[in-house]
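Work through the exercises below with the sequence and the model open. Each task is followed by a solution in steps.

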Amino acid sequence: MLSPDERAQLANAVAVARPCPTRWCVITGAPGSGKTTLVRLLSAQGLPVVEDPGRAILQERLARGIDVDRTGSSYMRFQQEVLERENAMIACADPGQRVFFDYGIAESLAFMKLAGLPWSMHFVDAAAALRFERVFLLSPLSIQNSFDGIRVETDAQRQKLWMLIGEVYQALGMQIVDVPNGSVAQRLGMVLAALT
């Protein structure tokens, strides 16, 4: 769970950043919650999406035979690379257009917290400056054989990440829409219905 100091740090960063409103939405949740599947379905329906940069970086590294150390300074370097790619994609997105993001920046804070790493202020400031109209928080799915080099978290870690992601977005003052387990079609219907 976030500490009161961490919640205050996020709220203060939002007050300083005064983020501009957007029509953007984020599809978020712990690894293995069905985010990427849902985002791909939204894309197949012709809706603009921004893919998860962390997943892309992990896939690139795995293709080259490089494993990602998810501890210490090497994990911070990985998160920095994710932030840089995310910021580049954000710069290309039109704030007046409905765009669906597969993860935002707040998730990096949740992953760092889970790894026991302190938050760098530039991550906090970047998360506070990014404003989503809606945050769709997908409940973790029950998955078999989840290790694929991308999703390596245990069920307990996935549950904790799900809670942390929700807490970070809540502390950033964003509207969260909980998306419970269900078929992909049911979840898609919930997301689209929440926007009408």
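**Exercise 1. Place Arg 18 in the chain and classify its exposure.**

Step 1. Arg 18 belongs to the loop between helix 1 (4-17) and strand 1. Helices (H or I, at least four residues) and strands (E, at least two) are DSSP runs, numbered from the N terminus. The model is predicted: local features need pLDDT of at least 70, side-chain atom pairs count only at pLDDT 80 or more, and totals for chains, interfaces and linings use all residues. Residues are numbered from 1 along each chain as its sequence is written, and side-chain values use heavy atoms, with hydrogens and water left out.

Step 2. The relative accessibility of Arg 18 is 69%, so the residue counts as exposed. The cut-offs are under 20% relative accessible area for buried and over 50% for exposed, with partly exposed in between (1.4 Å probe, protein chains only).

Step 3. Although Arg 18 is not a glycine, its phi is positive, at about 40 degrees.

**Exercise 2. Describe the surroundings of Thr 28.**

Step 1. Thr 28 lies in strand 1 (residues 25-29) and is buried, at 0% relative accessibility.

Step 2. Look at its side chain. Thr 28 and Glu 107 are joined through their side chains by a polar contact of 2.6 Å. A polar contact is a pair of N or O atoms within 3.5 Å; within protein, one must be able to donate a hydrogen and the other to accept it, and residues adjacent in sequence count only if both atoms are side-chain atoms.

Step 3. List contacts, meaning heavy atoms within 4.5 Å. Leaving out residues up to four places away in sequence, Thr 28 touches residues including Lys 35, Tyr 103, Glu 107, Phe 136 and Tyr 169.

Step 4. Two of these partners also meet each other: the charged end of Lys 35 sits over the ring of Tyr 103, 4.1 Å from its centre. The rule asks for NZ of Lys or CZ of Arg within 6 Å of the ring centre and within 35 degrees of the ring normal.

Step 5. Tyr 103 is in the loop between strand 3 and helix 5 (106-114). Tyr 103 is not a glycine, yet has a positive phi of about 80 degrees.

**Exercise 3. How many aromatic pairs does the structure hold?**

Step 1. Apply the rule: rings of Phe, Tyr and Trp (its six-membered ring) pair if their centres lie within 6.5 Å; planes under 30 degrees apart count as stacked, over 60 as edge-to-face and the rest as tilted. The total is 5 aromatic pairs.

Step 2. One of them joins Phe 101 and Phe 132, edge-to-face, at 5.3 Å centre to centre with 70 degrees between the planes. Phe 101 is in strand 3 (residues 100-102) and Phe 132 in the loop between helix 6 (121-129) and strand 4 (134-138), so the pair ties together parts 31 residues apart in sequence. Both Phe 101 and Phe 132 are buried.

Step 3. Tyr 103 and Phe 111 are also edge-to-face, because their ring centres are 6.1 Å apart and their planes at 75 degrees. Relative accessible area is 7% for Tyr 103, which is buried, and 11% for Phe 111, also buried.

Step 4. Ring pairs connect Trp 24, Phe 101, Phe 132 and Tyr 169 into a cluster.

**Exercise 4. Which residues of the largest nonpolar core touch the most other members?**

Step 1. A nonpolar core is a set of buried Ala, Val, Leu, Ile, Met, Phe, Trp, Tyr and Cys residues joined through side-chain atoms within 4.5 Å.

Step 2. The largest core has 45 residues, and those touching the most other members are Leu 10, Trp 24, Phe 101, Leu 109, Phe 132, Tyr 169 and Leu 172.

Step 3. Elements that each supply at least two residues of this core include helix 1, helix 4 (72-92) and helix 7 (155-171).

Step 4. A second, separate core has 13 residues, among them Cys 25, Phe 136, Leu 188 and Leu 195.

**Exercise 5. Why is Cys 20 in no disulfide?**

Step 1. A disulfide is a pair of cysteine sulfur atoms within 2.5 Å. The closest cysteine sulfur to that of Cys 20 is in Cys 25, 17 Å away, which is too far for a bond.

Step 2. By this rule the structure has 0 disulfides.

Step 3. Cys 20 is exposed, at 58% relative accessibility.
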